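Biologist: Could you walk me through this one? I'd like to start with how a pair of helices packs and then move on to other parts.

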Amino acid sequence: MARAITTKQKVSWTILAWAFGLLMFFPIMWTFLTSFKTEGAAIADPPVWFFFDWTLENYTAVQERSNYPKALMNSIIIAVGSTILGIIIAVPAAWAMAFVPGKRTKDVLMWMLSTKMLPAVGVLYPLVLLAKWLGVIDSRILLIVVLMLINLPIIVWMLYTYFKEIPGEILEAARMDGASLKSEIIHVLTPMAIPGIASTILLNIILAWNEAFWTILLTTVNAAPLTAFIASFSAPEGLFYAKLSAASMMAVAPILIMGWFSQKQLVRGLTFGAVK
Amino acid sequence: MNNSLRALLGATFLCASTGVAFADGHAKTITIATVNNGDMVRMQGYTDKFTEESGINVEWVTLEENVLRQRVTTDITTNGGSFDIMTIGMYETPIWGANGWLVPLDDLSAEYNAADILPAMAGGLSHDGTLFAAPFYGESSMVMYRTDLMEKAGLEMPDAPTWTFIAEAAAAMTDRDAGINGICLRGKAGWGEGGAFITATSNSFGARWFDENWKPQFDTEEWANTVNFFKDTMDASGPAGYATNGFNENLSLFNQGKCGMWIDATVAASFVTGKDSTVADHVGFALAPDNGLGKRSNWLWAWALAIPAGTQQKAEAKQFIEWATGTGYIEMVAANEGWANVPPGARTSLYENPEYQKVPFAQMTLDSILSADPNDSTVLPSPYVGVQFAAIPEFAGIATEVSQEFSAAYAGQQTVEEALANAQEIATEAMEAAGY
């Protein structure tokens with residue numbers, strides 16, 4: 001029997017949830033406010049909150065100095081491209097590990113995860129040399145492949161965990177009804193796993209969107225995404241906080257909007273099981 | 001893997017790429033890596049003029065200083081060829097020049113007049129007498145102080161103060177109740193941040209990084225005097241949390257009227273007297289302090305344009321460098337934006353120009369630059385070139401770790417003696433591992 005929740009407990013939990021939410025949201029809000037300040041107001045001590053001369057000069061300066069649409073397009077292509085490629089590879093892999101596990105399946109899964117523990121800089125030079133040899137430095141396809149490889153362990157693990165919750169009997173029944181392997185995966189497994197696949201896709205788009213090591217070090221002009229766009233506004237000598245904030249808002253806005261509209265699916269996929 | 005497989009793989013990558021831009025087959029395009037600071041951003045704004053004059057397009061890749069270093073170092077060591085021009089500093093230039101990674105700039109045109117480059121700058125950007133990078137702008141460090149607070153304290157700043165005077169003046173100007181700190185200095189970890197400042201300061205205290213046999217010297221009395229003086233002065237008259245303050249943090253404090261003095265890059269002069277400063281009308285300048293030992297505590301730095309050896313567009317890159325670092329560019333900026341906004345510290349003729357001499361900080365900048373000698377920066381003899389650094393590949397890594405030890409001492413996490421002992425151990429191990 002469920003325990004009754006008192007009004008006092010409700011209020012306490014609500015306050016705690018709001019406090020936590022505001023704490024998480026504070027950096028975004030501060031960046032948003034700073035992006036409308038002058039450089040002088042951005043560094044004021046004590047800080048100014050809402051009562052300052054709001055200006056759009058930072059957004060204008062950022063637009064004048066950079067090619068935002070090109071960086072945005074690169075980010076979209078790289079993030080979406082690497083995620084789709086990853087899903088195409090990960091769905092059959094996760095299916096095999098979940099429904100026809102071998103003796104070493106667990107070891108393979110752990111090995112995949114362990115590759116995430118290698119510091120990225122450890123493979124910087126081999127990767128740069130390989131990319132140079134193939135003539136693909138500063139190309140979107142290079143980043144699509146690299147980011148796919150980086151995120152593949154997470155995609156496989158997420159899908160594997162999700163697939164494991166689907167009763168094998170359902171797939172067996174499909175097989176007994178004469179379904180081929182292809183139709184078993186496409187027509188039986190995938191529809192049941194759509195919430196899980198959707199949340200995996202969303203999470204990996206966010207991860208690829210925010211990746212700032214490879215996307216800066218492997219690009220110059222043609223494939224530079226929004227991470228490189230933001231990096232160009234940080235300065236060692238000089239005031240830059242307001243312009244950097246404007247650039248950051250422009251870079252995170254698309255992914256924030258996407259996250260806002262897809263939060264239901266994201267939470268559902270991450271918290272509910274496949275057959276609930 | 002044979003050539004056909006390699007070609008197949010390459011072609012597959014390229015075909016799969018949905019949007020690799022390719023340059024116009026007729027117009028040449030050069031790619032330049034640079035840092036985000038005022039003078040560089042201004043130069044980007046004039047790029048169209050260069051394209052009009054030369055027919056060469058220019059693509060810019062602007063990055064934060066540390067990211068830029070990592071990016072261009074990766075590119076040049078792998079002969080990547082991503083850039084036709086790189087913006088690098090005095091630390092990298094002699095090392096990369098010696099390694100054959102840069103194109104020598106010994107055949108610049110007569111009109112360019114390379115002899116006009118300030119000797120201190122040319123010396124720091126050369127290896128074995130060959131220029132490997134052309135200075136776009138140069139800087140030293142100097143004292144920037146509040147004339148009103150100095151007057152209120154009943155003191156007068158000499159043109160060439162000593163550290164003793166600076167410490168006394170800092171104490172006299174400090175007014176904690178009014179939120180005024182007598183002095184603001186860099187304590188932040190990082191070889192280009194607090195590491196650069198304490199190294200330049202140590203020169204004036206008679207310290208050096210290495211003796212003639214490349215043995216680290218942090219166990220000497222000179223280093224103890226340097227770091228103890230810094231910590232004592234800052235504890236008494238510096239801002240709270242100075243151990244994490246770098247250039248931008250101190251600029252912010254000074255511009256808000258919270259510092260009596262700030263010793264930092266000469267390029268800051270235009271910021272503290274600019275529109276974002278609340279104390280712009282009360283700023284004076286003086287040479288960086290000394291200790292009566294014959295060496296001042298100012299550094300020497302230049303952001304310079306160099307051509308990586310892997311470029312396919314050497315001639316076009318040289319043409320751009322001549323345009324951007326020549327006298328014509330300076331005159332163009334002066335005509336459009338005033339003499340105070342031209343890139344400083346690179347050419348002798350700029351300081352002979354009567355119009356530029358009217359800029360308030362011009363003479364002090366020149367005097368500061370001229371008083372720093374990268375080939376003779378320490379009181380005792382040392383084997384390295386550089387004022388606030390030693391131009392050896394190992395320095396950046398060692399100095400970053402050493403400056404972290406010092407910052408921990410400033411923050412009270414360990415004593416100065418412990419920090420120096422750790423610094424000695426770090427430097428000794430690294431130098432032995434490097435085979436010195």
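Biologist: Which hand does the crossing of α8(A) and α9(A) have?
Modeller: In this predicted model, the crossing of α8(A) and α9(A) is right-handed. Helix α8 (residues 168-176) of chain A packs against helix α9 (residues 181-210) of chain A at an angle of about 135°, and their axes are 10 Å apart.

Biologist: And what do we call α8(A) and α9(A) relative to each other?
Modeller: They count as oblique to each other, because the oblique class takes in angles that are neither under 35 nor over 145 degrees and fall outside 65 to 115.

Biologist: Which residues of α8(A) and α9(A) meet there?
Modeller: From α8(A) come Ile170(A), Leu171(A), Ala174(A) and Arg175(A), and these meet Glu184(A), Val188(A) and Leu189(A) in α9(A). By class, the residues of this contact are five nonpolar, no polar and two charged.

Biologist: Switching to the two chains, how many residues does each give to the contact?
Modeller: Chain A contributes 36 residues and chain B contributes 39 residues. On the side of chain A that touches chain B, α6(A) gives the most, with six residues, and that side has 21 nonpolar, eight polar and seven charged residues.

Biologist: Now chain B: where does Asp211(B) lie, then?
Modeller: Asp211(B) lies in the loop that runs between α9 (194-204) and α10 (221-237) of chain B. Asp211(B) counts as partly exposed because it has 15 C-beta neighbours inside 10 Å, whereas a buried residue would need 20 or more and an exposed one 12 or fewer.

Biologist: How far apart are Asp211(B) and Ala172(B)?
Modeller: Asp211(B) and Ala172(B) are separated by 39 residues in sequence and, C-alpha to C-alpha, by 38 Å in space.

Definitions and conventions: Residues numbered from 1 in each chain as written. Chains lettered and ligands numbered in written order. Predicted model: local features only at pLDDT ≥ 70, side-chain atom pairs only at ≥ 80, totals over all residues. Contact = placed C-beta atoms within 7 Å. Helix = DSSP H or I, 4+ residues; strand = E, 2+ residues; numbered from the N terminus. Nonpolar A, V, L, I, M, F, W, Y, C, P; charged D, E, K, R; others polar. Axes fitted to C-alpha atoms, helices over the stretch in contact; angles between N-to-C directions. Left-handed = near helix turned anticlockwise from the far one by under 90°.
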